[in-house]
Amino acid sequence: MRTQVTWVDKVQGKSEQCIYDLCYNPSGTQLIVAAGQHVLVYESNDGALIQLLKGHKDVVYCVCYAKDGKKFASGSADKTVIIWTSKLEGILKYSHNEAVQSMQFNPVSHQLLSCSLSDIALWSAEQKAVQKHKSGGRVNCCSWTKDGQYMALGLAAGFVSIRNKAGEERLRIDRSGDSPIWSLAWSPAREDPTDIICIGEWSGVLSFYTISGKLIGRERNLNFVPLKMIYFPSGQYIIISGSNKQCILLSHDGIQLATIGNTFTSWTWSYAVHPESSHVAIGCQDGTISNLDLSWNVVHGLYKDRYAYRENMTDVIIQHLITNQKVRIKCKDLIQKIAVYRDRLAVQLSERVIIYEPSGNTEDMHYRIRDKLAQSLECSLLVVTTNNLMLYLDKRLQSLSFTGIIEREWILDGPVCYIKVVGGPPGQERLLAGLKNGQVMEIYLDNPFPALLAKVDGAVRCVDISLMKDKLAVVSDQGVLSVFDIYNDKKLQEFHDVTSVAFNSAFEEMMCFSGQDYLAIKVANFNEYKQKFSGIVVGLNGSKMYCLHGASILTMEMPLSSSMYQCLEAEMFDKAYAIACLGVADSDWFALGVAALDHLEFGIAYEAFARTKKLRYVEIVSEIEEKLKSGEWGREACMATAAAAMGRLREAAKLYQKAGLQQQALDMYSDLRMFDIAQEFIATGNSQDRTTLLRRRAEWAKSLGEPRAAAEMFLSAGDVQRAIKIISEYGWIDMLIKVGRQLDKAERDSLSTIAKKLRQLGATHGAAEIFSRLGDDPDVADVLVDAQAWHEAFELAERNPKLKARVYGPYARWLAETGRFSEAQKAFQMAGQPEESIMVLTTLAKNAVCEKRFRDASYFYWLLSQITLDLQRSAEEIKAQFMAYYDKADIYYAYHEVYKYLEEPFTALMPEALFNISKFLLTKIQNTKLEGVSKLTIMYALVKQARLLGANKLAMQLLDRLRSMKIPKHLLTQIETWMIAIKAYPYRDPEELLPLCNRCSTYNALLPTNNASGSSCAQCGLKFQYSFVMFEILPLVEFELEPGITDEEADKLIEEPVQSTDNSIDTENQFTVSTNQTDLFMARLVQYEDKIGGSTVTVGRSVLKSMDSSSVLIVKWPKPFTTRYYRNLLPDLQVTCCKSCLKLFHTDDYELALLRYNHCPFCRTPSNTVNQNS
């Protein structure tokens, strides 16, 4: 360690001017000094006195500065403490009972601790009063822990009091003996696991304790009184000044390292360390203030990638320069020298030398002690080899074994300035020694005679030898670098302004040297490459360069690209490859591969491309090498492929053409999408090449997102199918039609493809046009059907009757999907597909039932009944099928009103209508079970209406039947209530609700018994006819014609005018039959009542003549059914029949329904059609 005095000042005065204390402000710009009765403030840089602060009346013993830099304090023998601002203004003064001995600010809370002979005080700006505590004796020194939680007081009674920040004592450290505690300090080191205090006694004993009072290590005897003790800011060193008139530097664990400065003329009472630099200030008893600058010598050693250096004066750090892994060896003594060689590490301490080796293999970073040499060696240079230590002192070089035996000694011609071990087997290592007289000596450990290798002007500063030991580089203290050829004994090169040099330990031809702010790289005989650089190069290994910067070595990546390119320009591919292997960027490797391939250096090119993982180029190299070796390609073809790989396309094309490989050039241009250049290249070629090029260009245009251009190119190249695919893919209908028109009819495949694509795109007319050209009427029909161009499709079907099924079948399905079921039925007939019509309508009907659309279901079943009339079956099968559908239509038609009545809150129907509908349904489904029709729902509605109309008998009968049925929960309570309530009413039904037979005038029961059908009279068997709006029984009596009377004859007879007599009818009462039986039909009815005739009313010609045509209703059922005839017994109550569905209605109800729905309520025939039929 070296010290340099920056400034000195001596305080003069009449009285005592001892510098009892001093301190820096936190920024280090000012030095506060306690001198006599005053406080002096100095400029710390140059020692200029800034101000003399007055305020104390006696000697000032202590000063301290707060960490925040806002204030400082001074304590005096006048028992006062003064608080000063950073502007050197006194702002507060408080007193103690005795003289103030020491003080310190809390480093965290900035609370001031001041100590006197009898008490201590705590002050902070936040509190109003000073807190005082008894000290228990004279306090000589004090210190805060780094976190500000605890304080330590050193007392003259020989113990240390540890207190918390409130002043309460927590622990007492008693020292043996009665020696006063004169100085103490807490360690500021952050890495310490616990707070550690260093204690100095008047007797000169130094000891360390933890905050818990445990002694650390052994006590150390200083042999002087430690008047002042202070840690460096980071805690690595302790400085102690005292009665020995010196300042001693100690390690953090108390090992004496060095003396700071010279011995002073009086005791050194105070000491301060600059917070931001290596300056220290020392105050002496005679008033002298000295400011010193400290600097530490760099003690280190380097061998290849192992660097060892000294840290904290007592530790060795071994650093692996490649991995940056570090290992610390604590020697617990002052380290003087360090030497490294291979797996040996030598550390010279004050009284011994320790040799270390790796604890595992040679790559291990953990070291163990191999040997100890318990001798105090005096030498200026220390070198270690495998089994020896090399010591230099006064022109004498000695080789010692690790046991301390001198094995060999060399006397040199001059002092050694530089020495280096450059290798060799154990015991025969080779050393290079640079002397002050300029000689470079070669020394072998087993040879007593040194050999002269070279000589330069001036002292040798640095020496290195190349990898193959062929070249020697020497740097003199004049800054001249000389490079020698060892074997030829001649100087090769010389450079100026050089400070250090190093050969690359991995490449013979490379050398690196540094100068003033620059770094140079020299390869072979090429010019050196320079760049800006700050530091000293000390080693070069591959691409790693080791530079000494201050006290540390930095590992830097050396720029090798320029050196590699220099070799490439000289076509020195082997050297370029060797340089690249040291470490270059991928782009440089690629450039090396390209250059090597250009000159057909396949091995280097292969390795270069493999390094950069350019697999395509690796394949190219392998392919070219194989072609060349096999003789398949000549040198021109190989060079052409290499040129193409390097991007020199025109050159490659010419070489391909020269080698007769024109197709290769065409492929190259096509792959690179350089079609214009390719077109120029094949200008003189054949048409096949042009077609091939055109197709490739089309493919490229497609890949670029230019499909129209691609399609046109494919057409030009004759590839119609690919053009069609592109055009149809993008939906260009006009272009597709244009292509179809341009093609010849002979190209049926292409035309068929175009037509199908047009059909897919919805271009109906275009597809039809193309199919027409092909004469393919079925496909034309399919196109028109897909486009729903029904008019054109019908015309085509008229021209070609074979296509009717192909046209009318889809048309019928379309009509069914759009709800036009009547038209769909006709279309199915046109298509000759009645079975498919039935299947479609059956599905629609079932769906309607599932969706509770019972009116729609009724309509679909009625349509099904009409379709069955056209089936090719027997009359009996048609009748049975017809009636099955017809009855389902009736049931679903009526059930719609019942279901809607129960599901919806309101209904437009009167109770009588709902009563009639429910009763009709109950009779209809007596022996039938239909999907979606609930008998319980019908009975529930009928019971409800029967109760409203007073039909209590019917209600009771239905409730009895309901007892045996499973009733839903939401209806159960209502029905049980009805069952109880109905018993309070008479067991009868109103006569007006009973069905009256118009033939025999018999009242029928509302609920037939013995499984009798309720749709006919129980007395005469006459079938009741219902109005299909309100479902009341119509006053109609059905009659049949006598055999031999045709329907046409019956129509004529009925239409003939009736010859009336005066007493035929009573005009006053038309509902009363006259006693004069001129109405032969009524006579027939009377005959039945008198039991003269049978149960069927049969009329002959005379009866038909006697009937009024207005009272006869003729319903012409389709074949195979016969015409039905009805006589209206109440002509004033008009009855209408729908000509489509043949249902009977009260005329008024029917006309009202037509006005409401605009069609028949049952068959949905439009009202205009109904009127026409009427």
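**Reading salt bridges and a helix crossing**

Q: Which residue forms a salt bridge with Asp-68, and how far apart are the closest N and O atoms?
A: Asp-68 pairs with Lys-71, and the closest N and O atoms are 3.7 Å apart. Keep in mind that this is a predicted model. The cut-off for a salt bridge is 4 Å between a side-chain nitrogen of Lys or Arg and a carboxyl oxygen of Asp or Glu.

Q: Is Lys-71 buried or exposed?
A: Buried means under 20% relative accessible area. Lys-71 has 13%, so Lys-71 is buried. Its partner Asp-68 stands at 30% and therefore counts as partly exposed.

Q: How many salt bridges does a search of the whole structure find?
A: The search finds 34.

Q: Where in the chain do Lys-146 and Asp-195 lie?
A: Lys-146 and Asp-195 form a salt bridge, 2.9 Å from N to O. To place such a pair, look at the elements around each partner. Lys-146 is in the loop between β14 (139–144) and β15 (150–155). Asp-195 is in the loop between β18 (181–186) and β19 (196–201). The two are 49 residues apart, so the pair links distant parts of the chain.

Q: Is Asp-195 buried or exposed?
A: Asp-195 is buried, at 11% relative accessible area. Lys-146 is buried too, at 18%.

Q: Which strands hold Arg-396 and Glu-409?
A: The side chains of these two meet in a salt bridge, 3.6 Å from N to O. Arg-396 sits in strand β39 (residues 396–401) and Glu-409 in strand β40 (residues 406–411), so the bridge ties together parts 13 residues apart in sequence. Arg-396 is partly exposed, with a relative accessible area of 40%. Glu-409 is partly exposed as well, at 34%.

Q: Which residues are joined into one network by salt bridges that share partners?
A: The network joins Asp-343, Arg-344, Glu-357, Arg-368, Arg-370 and Asp-371.

Q: At what angle do the axes of α23 and α24 cross?
A: Helix α23 (residues 911–924) and helix α24 (residues 935–949) cross at roughly 140°, and their axes come within 9 Å. Angles over 145 degrees count as roughly antiparallel. This crossing makes α23 oblique to α24. Its hand is left-handed.

Q: Which residues make the contact between α23 and α24?
A: From α23 they include Pro-911, Leu-914, Phe-915 and Leu-922. From α24 they include Ile-938, Met-939, Leu-942 and Leu-949. By class, the contact has eleven nonpolar, two polar and three charged residues.

Definitions and conventions. Residues are numbered from 1 along each chain as its sequence is written. This is a predicted model: local features need pLDDT of at least 70, side-chain atom pairs count only at pLDDT 80 or more; totals for chains, interfaces and linings use all residues. Side-chain values use heavy atoms; hydrogens and water are left out. Axes are lines fitted to C-alpha atoms, for helices over the stretch in contact, and angles run from 0 to 180 degrees between N-to-C directions. Helices (H or I, at least four residues) and strands (E, at least two) are DSSP runs, numbered from the N terminus. Angles under 35 degrees count as roughly parallel, over 145 as roughly antiparallel, 65 to 115 as roughly perpendicular and the rest as oblique. A crossing is left-handed if the near helix is turned anticlockwise from the far one by less than a right angle, and right-handed if clockwise. Contact means heavy atoms within 4.5 Å. Ala, Val, Leu, Ile, Met, Phe, Trp, Tyr, Cys and Pro count as nonpolar, Asp, Glu, Lys and Arg as charged, and the others, Gly among them, as polar. Buried means under 20% relative accessible area, exposed over 50%, partly exposed in between (1.4 Å probe, protein chains only).
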